[in-house]
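Good morning, colleagues. I would ask you to look at the sequence and the structure together while I point out a few local features.

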Amino acid sequence: MIRTFIEGAVQLRNPRFQFDPLLDGALIIEFLKDQTLRILRGLRLTLRFKYPKGLMLGKGVQFFGLSRISFGNYVKLGHQVSLSGLGENGLVLGNNVSIGDFSRVIVSTSFNHIGKFISIGNNVGIGEYAYLGGAGGLSIGDDCIVGQYFSCHPENHNFDDGTELLRHQGVNRKGIRIGNNCWIGSKVTVLDGVTIGDGCVIAAGSVVTKDFPANAVIGGVPAKTLRDRVVDPEPESSEQEIMALVAETLQEALHGC
């Protein structure tokens, strides 16, 4: 009974969720306790005039620029996650976003040149120890799954002046866009100016420095296309083509008689 109740509650966030049949009751009760504490921590944002539905917070979650952070429904933030909305258009988290422990999602750290935005779509899961910057703008589409230690850096330091200190030469920003339905492996780094198409798969440890089209399988340092994810099926032969092939075969057979 408890198992079914908890499954139904979790399915509000993840409609396909089901407990593994090998889990015993003690582990399910422990899971319930942990999730309940996360929900209670989420309620503390009501004291700061935010009312996100079903927000779940781990221990030690920190916010900066909360007025510029927008939460979808059933957002889940792991232990020691830090969010900062310091930017022109702040930080937007879609529905059912999950961000792993010790991750930092920081639009900007600069008060003299604030960043643009970070936008994370619906049903996105990001692993532990991620660093997502939004200085030049970062957009992650819907339904993406991302491994641990993912990092995005939509900003570059200028360095062409050999007479000036590097830290005094300023920055340039282009932004990063990641499409819908992508699978990004652990320890992937995406650099400024990159657009990744829908449905891409990026191998663990890759450093992405250029654009890739939809449905590419990507890997390497620097990353390159390994193959296409979707292979176009061979076109079906038309009725006329089939009849012509039959006629040609008959003619060859008759000619040999």
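I begin with a loop. Pro222 lies between strands β23, residues 216-219, and β24, residues 224-228. Please bear in mind that this is a predicted model. The bond that joins Val221 and Pro222 is a cis peptide bond, with omega at about -10°. As a general rule, most peptide bonds are trans, and most residues other than glycine have a negative phi.

That brings me to backbone angles. Which value does phi take at Asn215? It is near 65°, a positive value in a residue other than glycine. Asn215 sits in the loop between β22, residues 207-208, and β23. With a relative accessible area of 26%, Asn215 is partly exposed, because the partly exposed class runs from 20% to 50%.

Asp143 also calls for attention: its phi is near 65°, again positive in a residue that is not glycine. The loop that holds Asp143 connects β12, residues 138-140, with β13, residues 145-146. Asp143 counts as partly exposed, at 40% relative accessibility.

Finally, I turn to the surface. Which residues make the nonpolar patch of about 350 Å²? They are Leu37, Ile39, Leu40 and Leu43. Of these, Leu37 is placed in helix α2, which covers residues 25-42. Leu37 has a relative accessible area of 38% and is partly exposed. Residues in such patches must have over 30% relative accessible area, so Leu37, at 38%, meets that requirement.

Definitions and conventions. Residues numbered from 1 in each chain as written. Predicted model: local features only at pLDDT ≥ 70, side-chain atom pairs only at ≥ 80, totals over all residues. Heavy atoms only, no water. Patch = residues over 30% accessible without salt bridge, like charges linked within 9 Å, V, L, I, M, F, W, Y side chains within 5 Å. Areas by Shrake-Rupley, 256 points an atom, 1.4 Å probe, with all protein chains shown as cover. Salt bridge = Lys/Arg side-chain N within 4 Å of Asp/Glu carboxyl O. Helix = DSSP H or I, 4+ residues; strand = E, 2+ residues; numbered from the N terminus. Buried < 20%, exposed > 50% of the residue type's maximum accessible area, 1.4 Å probe, protein only.
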